[in-house]
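Here is a quick briefing to read with the structure open beside you. Take it one topic at a time, and find each part in the picture as you go.

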Amino acid sequence: MEPFPQETAPLPGATVIKAVGLTKRYGVLDVLQGIDLEAHEGEVISILGASGSGKSTFLRCLNLLEVPSGGALNILGEDIRFRLKRGEQHIADARQVNRLRSQVGMVFQNFCLWSHRTVLQNVMEGPIHVQGRNRYEVRDEAEKTLARVGMLNRAEYYPSQLSGGQQQRVAIARAIVMRPRVLLFDEPTSALDPELVGEVLKVMRDLASEGRTMLIVTHEMAFARDVSSRIVFLEKGTVRAQGSPQDLFKGGMDESFDRFISHFSRPG
Amino acid sequence: MDWSFLFETLKTLLAGVPLTLQLATTALCTGFVLAACIATLAESAFAPARWFSRLYVMLFQGTPLLVQIFVIYYGFGQISFLRSSFAWPLLAQAYWCAILALSLNTSAYGAEIIRGAIAAVPEREIEAGRAIGMAGLLLRRRVIWPQALRYGLANYGNEAILLLKATSLASVITLMDVTGLAYRLVSKTYRSEEIFTVAGLIYLAMTFVIATCVHMLEGHLNPSRRV
Amino acid sequence: MNTQSLALVGFGPDGWGKLLLLAAGLTLAAAVCSFALGSLLGTVGAALKLAPNHALRWIGTFYTTLFRGIPEILVVYLFYFGGSLALTHLMHLAGFPGFFSLPSFVIGVVAIALVSGAYQTEAFRSAYCRLERGQIEAGKACGMSSTVLLRRIIAPQTLRFALPALGNIWQSVLKETALLSIIGLVELLRQSTIASGATRQPLLFYGVAALVYLIMGQTTALGIRAVEKRFSRCWGR
């Protein structure tokens, strides 16, 4: 199989995302209480945690869909600039954020395909209107990408005409056609019917095996164990444990993680 | 600002409020009865009845109210059998022409609102009524109409406001409602800004009262939405 | 209808057909201009009503409450009398004596546009509120600037949601242009009044006017429904 097109060959080891003491507060609710995380090129990091542990919020902070309340964030070697207004942090430089977002792909839990555009138009939208690339070249690449996720035969469909699994595969194609250096997945299979989960996970497995840098918030334990190079376990807005899947899933490394895992591996 | 003139204007124009309200309430009531009939015809099993109701709604919604008023006020006089009929003493008066036009016009909109409200009653609630043995008028009276009233009330309230505003067109055929008085006063004094502003404020006050009443009634009918 | 009446509304030497047709064209032109200007006002109004700033929101609410709460005819009158007075006053200040008046077409279009703009404000605002957050977030996530986001995602989706309401507003605008007859614009209704005065056939000419309004309304409704259908392909199966 031909690999997905990528702008630059991954440099193993280079830091792509670095969060230091990242916090997020909604009113009196502290969702993130100081998270440190460093992601390197080529890593596949699964972020696990019970609901309410702040894992989705953390992921959304990484492309500034949520603006962190405190801490430092470095994306692709650039420090994100914030400014304080009435005691709240805001994005200081929208152009910087937009530039970085175009290099950080995001896949949402509920797909969020643009409902007024066809599958192909959804995939072509970003490269043409954000990156200003040539329409013909983009069309070519979009079709190849759709073929890779097995959706080329639905190119002229509208999102509402597709199943959830199909929509999510298109959403993944939409993210990777931007040639991102990091891919963020926010519970990509949580909104899917059980029988549709497999097709999406397969695409993600392929991406991981190509050496793409991925951060994945998920409840798919088997997938996290098999595919990740590192597991980060969040609890109450802090990193409770992290390490290789082999070490963590073996058990005995962190009591809280073991308890969390036991909920998923219960027989039945 | 010439306060005494504004006050005088207000006093003059308020004299038109009873007529405006009379036109609006009469048309609203007759219009509602007509609307209920038209809405019933729309659901009839007899096809020509449905066609008639469709045509009726299209005719009165599709043409300007002012044209309808003119057809009735100026045009009906040409129809000889109307001139000789018992209704002529009424139809020769601008007041009754305005009432007729407003009633017919609002009934077309009202019919659509009633139809929509009845269609909005969930099928399962009707089935639940049937399941305990309700049918016919009982089912309508106890299940369908109360529910439809809740769904349709806000829309009918809007229609009442539109109707109140529409009564101002009666001034074109010489009725001295608020707008008519305002127009007459302007042609006497040429102080159009002040007079029309006062008239506008009177209408705003009336629409505000209607909107508030409808809102309160809605809260009364929808206990679940009461805050 | 007898042949004599047919000749009256026909295009022959005694017929009013040509004049009525021209007048209908003027009605359509007034409606299109009012609606277009109203769309502009509606967009601004909706932006005001959705603004984070309290004062701006208040201005938006004031505008819609005012123009939806008072009869259209009063707005038309106000602009008809007030507009000319204001212009005359301005011209006097500029040193031009005499009486000046704006063309009734302009006055009428502005008045109707202000009213329809208030209704369009509500149409756009409620359509915007129906947008899903995810649609906008997906745009942000791929790096769209706010202008691209507005142009490529927000505007088309808002328009799609607003379309049915806009269709209704168009129909009212078309009918409201009849009010321009009372300020002397020779549009369809005024022309019919002139014709019925000259021929003493009010029923015939007002009937024809009603029919022409009906045809204009129904034809445009068909067009709007076709556009709606095309747009809604992407929503629902």
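In this predicted model, residues 17-214 of chain B form a span that is 82% helix and 0% strand. The two ends of that span, taken at their C-alpha atoms, sit 20 Å apart. UniProt, in an unreviewed entry, lists residues 17-214 of chain B as "domain: ABC transmembrane type-1".

**Chain B as a whole**

- Count up the elements in chain B and you get 11 helices and zero strands.
- Walking along the sequence, the pattern reads α-α-α-α-α-α-α-α-α-α-α.
- If you boxed up the C-alpha atoms of chain B along the principal axes, the box would be roughly 70 × 55 × 25 Å.
- Chain B has 227 residues, and 38% of them are buried.
- Now take the contacts in chain B between residues at least 6 apart in sequence: 76% of these join residues at least 24 apart.

**Where chain B meets chain C**

- How many residues of chain C are in contact with chain B? There are 26 from chain C, and they touch 26 residues of chain B.
- On the chain C side, α4 (72-93), α8 (188-199) and α9 each chip in with at least two residues.
- The largest share of that side comes from α9(C), with 10 residues.
- Sorted by class, the side of chain C that touches chain B has 19 nonpolar residues, six polar ones and one charged one.

**A closer look at one helix pair**

- Two packed helices are described by the angle between their axes and the distance between the axes.
- Helix α4 of chain B (residues 65-75) packs against helix α9 of chain C (residues 202-232) at an angle of about 165°, and their axes are 9 Å apart.
- Because that angle is over 145 degrees, α4(B) counts as roughly antiparallel to α9(C).
- Left-handed or right-handed? The crossing of α4(B) and α9(C) is left-handed.
- From α4(B), the contact is made by Val67(B), Phe70(B), Val71(B), Tyr74(B) and Gly75(B).
- From α9(C), the partners are Pro202(C), Leu203(C), Tyr206(C), Gly207(C), Ala209(C), Ala210(C) and Tyr213(C).
- Put the residues of this α4(B)–α9(C) contact into classes and you find 10 nonpolar, two polar and no charged.

**Where chain C meets chain A**

- This contact takes 21 residues from chain C and 21 residues from chain A.
- Which elements give two or more residues to the chain C side? They are α6 (133-141) and α7 (146-176) of chain C.
- The side of chain C that touches chain A divides into nine nonpolar, six polar and six charged residues.

**What the records say about chains C and A**

- For chain C, an unreviewed UniProt entry gives the annotation "transmembrane region" to residues 20-48, 60-80, 100-119 and 203-227.
- One of those stretches, residues 60-80 of chain C, is 90% helix and 0% strand in the model, with its end C-alpha atoms 24 Å apart.
- Another, residues 203-227 of chain C, is 100% helix and 0% strand, and its end C-alpha atoms are 36 Å apart.
- For chain A, the UniProt annotation "domain: ABC transporter", also from an unreviewed entry, covers residues 17-261.
- Over residues 17-261, chain A is 37% helix and 28% strand, and the end C-alpha atoms are 27 Å apart.

How values were computed:
Residues numbered from 1 in each chain as written. Chains lettered and ligands numbered in written order. Predicted model: local features only at pLDDT ≥ 70, side-chain atom pairs only at ≥ 80, totals over all residues. Helix = DSSP H or I, 4+ residues; strand = E, 2+ residues; numbered from the N terminus. Buried ≥ 20, exposed ≤ 12 C-beta atoms within 10 Å, placed from the backbone. Contact = placed C-beta atoms within 7 Å. UniProt positions renumbered as here; feature names shortened; annotations may be inferred. Axes fitted to C-alpha atoms, helices over the stretch in contact; angles between N-to-C directions. Parallel < 35°, antiparallel > 145°, perpendicular 65-115°, else oblique. Left-handed = near helix turned anticlockwise from the far one by under 90°. Nonpolar A, V, L, I, M, F, W, Y, C, P; charged D, E, K, R; others polar.
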